[in-house]
Amino acid sequence: MPPSHARHLVAEVLDKQIVDAKKHKLGKVDGLVIVLRDGKPPRVAYIECGAAVVARRLGRWCERLVLALNRRLGVRDEPRYRIAWSKVTKIDINVEVDVDEYPLLALEEWLREHIVGRIPFSK
Amino acid sequence: MKSSFLQMALGIITAIGGFLEVGSVATAAQAGASHRYGLIWSIVLGTVCLIFLIEMSGRLAAISRHTIADAVRERFGFDFAIWPRLAELLVNFLVLGAEIGGICLGLKVLTGIDTRWWVVPVALFLWFVLWVGTLNVIENSTSILGLLTIAFVVAAVKMHPDWLPLARGAVAPVFPPRSESGHYWFTAVSIIGATISPYMVYFYSSGAVEDGWREKDLPANRVTAVVGMSFGALMSIAVLVASAEVFHSRGIDISRYEQIALVLTPALHRWGWPIFGAALAVCCFGAAVEISLASAYSVAQTFGWNWGEDEKPVKRARFSLTYTILIFLSIVPILLGVDPLKQTIVSMALTAIILPLAILPFLLLLNDETFVGTHRNGPIGNTVVVITIFLASIIALVAVPLEIIGGS
């Protein structure tokens with residue numbers, strides 16, 4: 001994002017839809033990571049997303065539950081995903097990011113491979 | 001021109017698919033049998049409120065390009081948005097079970113084969129249609145078949161109702177004797193719950209966003225909301241009136257679904273029975289489609305997944321699995337032997353209870369400049385919606401325990 005562009009993080013970024021350059025929906029902005037620096041203003045480092053991130057907003061118990069489920073099912077290693085703020089290319093009705101890997105879609109792919117793809121007429 | 005035609009189609013489809021469904025048929029038939037025309041006002045009140053809500057949901061989509069679920073999460077945050085979503089899913093689960101029960105009853109009337117044999121095949125059929133079909137094909141075919149429900153209007157008119165008391169019942173409550181007043185108010189809120197179905201509002205909102213509505217579509221949106229929902233209300237009133245003529249005049253109370261099936265027989269003779277069966281099956285199927293999709297849409301929108309009915313299931317794995325799980329879970333109560341009529345009536349009253357939670361956040365968005373700019377709600381729309389949903393919710397909170405104590 002251009003540095004001169006003022007943003008109200010909670011109103012304009014948090015909980016928005018994340019899309020890639022082709023408008024594929026990748027998830028929502030579930031969290032924001034801000035780095036505090038000595039003698040300098042804090043800096044927005046990442047947008048965060050994933051089941052464990054939203055779960056934490058409901059409480060620690062919920063986060064632990066999601067992490068336990070995740071380990072049990074073996075969907076992926078880390079149900080938190082961080083996208084560097086520098087990868088955010090546009091904020092309008094969506095938050096557009098420039099990424100070339102899709103760990104956010106791990107659950108979608110796992111379900112596609114293990115369940116949906118095995119049901120007839122799904123392709 | 002083409003776009004406003006499409007838009008009207010969405011409204012009429014939403015109305016035929018979602019308005020007259022098992023809840024409206026059951027509550028309207030019970031109301032007519034027990035209180036003659038005394039509860040028509042609750043259909044009218046519910047419909048006026050629903051017209052405002054449908055119009056608002058189209059307006060939100062056209063101006064902000066957000067579906068309701070997206071906008072609620074964005075404005076109020078995930079930690080709030082999850083609660084109305086969970087409440088709505090729980091109610092949708094019960095209502096979907098009731099609709100599937102309604103389809104099975106319709107098929108029983110048509111074929112004579114008992115309801116319980118139909119439950120699993122119907123659930124499989126519903127799932128299969130959603131799995132392979134596209135939205136347009138599914139919705140167009142159910143809404144064309146849904147025109148069968150005009151039979152209720154024909155029957156109601158043929159039985160020569162008393163127009164004056166009917167009109168009086170449409171504008172104000174006709175207070176029953178004290179001993180019946182608990183049941184009267186319970187039925188009133190069940191009717192309002194059956195009329196203001198939050199799933200219709202969510203379904204319409206997702207359709208409008210997918211069709212890419214813009215500011216220029218607002219006039220057509222207004223017309224669609226009024227015409228589509230009034231059409232649905234007319235059918236509900238017809239069921240109530242026909243039921244009043246058939247059952248109330250003979251002093252019969254409705255306690256089983258099979259009784260309702262007789263409602264068309266005096267007017268349409270031997271055609272009445274099969275037409276009732278077919279009309280019930282079709283309109284419940286339309287509603288079941290809308291509930292399944294509305295639930296999957298709003299879960300997907302809350303979590304930011306890809307959503308849409310027109311892609312193959314492998315491309316929308318989480319979305320497709322959501323409605324799959326919901327459909328097969330929803331038949332568990334019927335399979336366990338829960339009475340479908342009781343489930344229907346209770347889930348309609350439950351809908352009324354959760355209305356403030358489901359509707360209020362949405363109403364706040366329609367008053368928020370960052371979402372709708374200059375197209376904010378006027379005082380009339382706000383007032384009608386707030387009064388209706390709170391009244392319905394409070395009466396339901398009082399009437400449901402009374403009905404459960406009194407009914408058992």
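Helices (H or I, at least four residues) and strands (E, at least two) are taken here as DSSP runs, numbered from the N terminus. On that basis chain B comes out with 20 helices and 0 strands. Its radius of gyration, taken over C-alpha atoms, is 20 Å. The globule rule (2.2 Å times the number of residues to the power 0.38) gives 22 Å for 408 residues, so chain B is as compact as a globular protein of that length.

This is a predicted model, in which local features need pLDDT of at least 70 and side-chain atom pairs count only at pLDDT 80 or more, while totals for chains, interfaces and linings use all residues. Residues are numbered from 1 along each chain as its sequence is written, with chains lettered from A and ligands numbered from 1 in the order in which they are written.

Along the principal axes, the C-alpha atoms of chain B fill a box of roughly 55 × 45 × 45 Å. Of its 408 residues, 57% count as buried, that is, they have 20 or more other C-beta atoms, placed from the backbone, within 10 Å of their own. Contacts (C-beta atoms, placed from the backbone, within 7 Å) are mostly long-range in sequence: of those in chain B with a separation of 6 or more, 86% join residues 24 or more positions apart.

Helix H5 of chain B, residues 78–111, runs for 34 residues and reaches 48 Å from its first C-alpha to its last. That is close to the expected 50 Å, reckoned as 1.5 Å times one less than the number of residues. Right after H5(B) comes B:Gly112, with a positive phi near 80°.

Further along, B:Ala238 sits in helix H12 (residues 218–246) of chain B. B:Ala238 is buried, since 24 other C-beta atoms lie within 10 Å. Leaving out residues up to four places away in sequence, B:Ala238 touches B:Phe152, B:Val153 and B:Ala156.

Over in chain A, an open sheet of 4 strands follows the order S2-S1-S7-S6, with mixed pairing; two strands pair if DSSP finds at least two bridges between them. S2 and S6 (88–91) are the edge strands, each pairing on one side only. S6(A) and S7 (residues 94–97) of chain A are antiparallel over 3 bridges, and A:Val88 has A:Val97 in S7(A) as its bridge partner.

Finally, the two chains meet through 23 residues from chain A and 22 residues from chain B. On the chain A side, H4(A) gives the most, with 4 residues.

Methods
A residue is buried if 20 or more other C-beta atoms lie within 10 Å of its own, exposed if 12 or fewer, and partly exposed in between; C-beta atoms are placed from the backbone.
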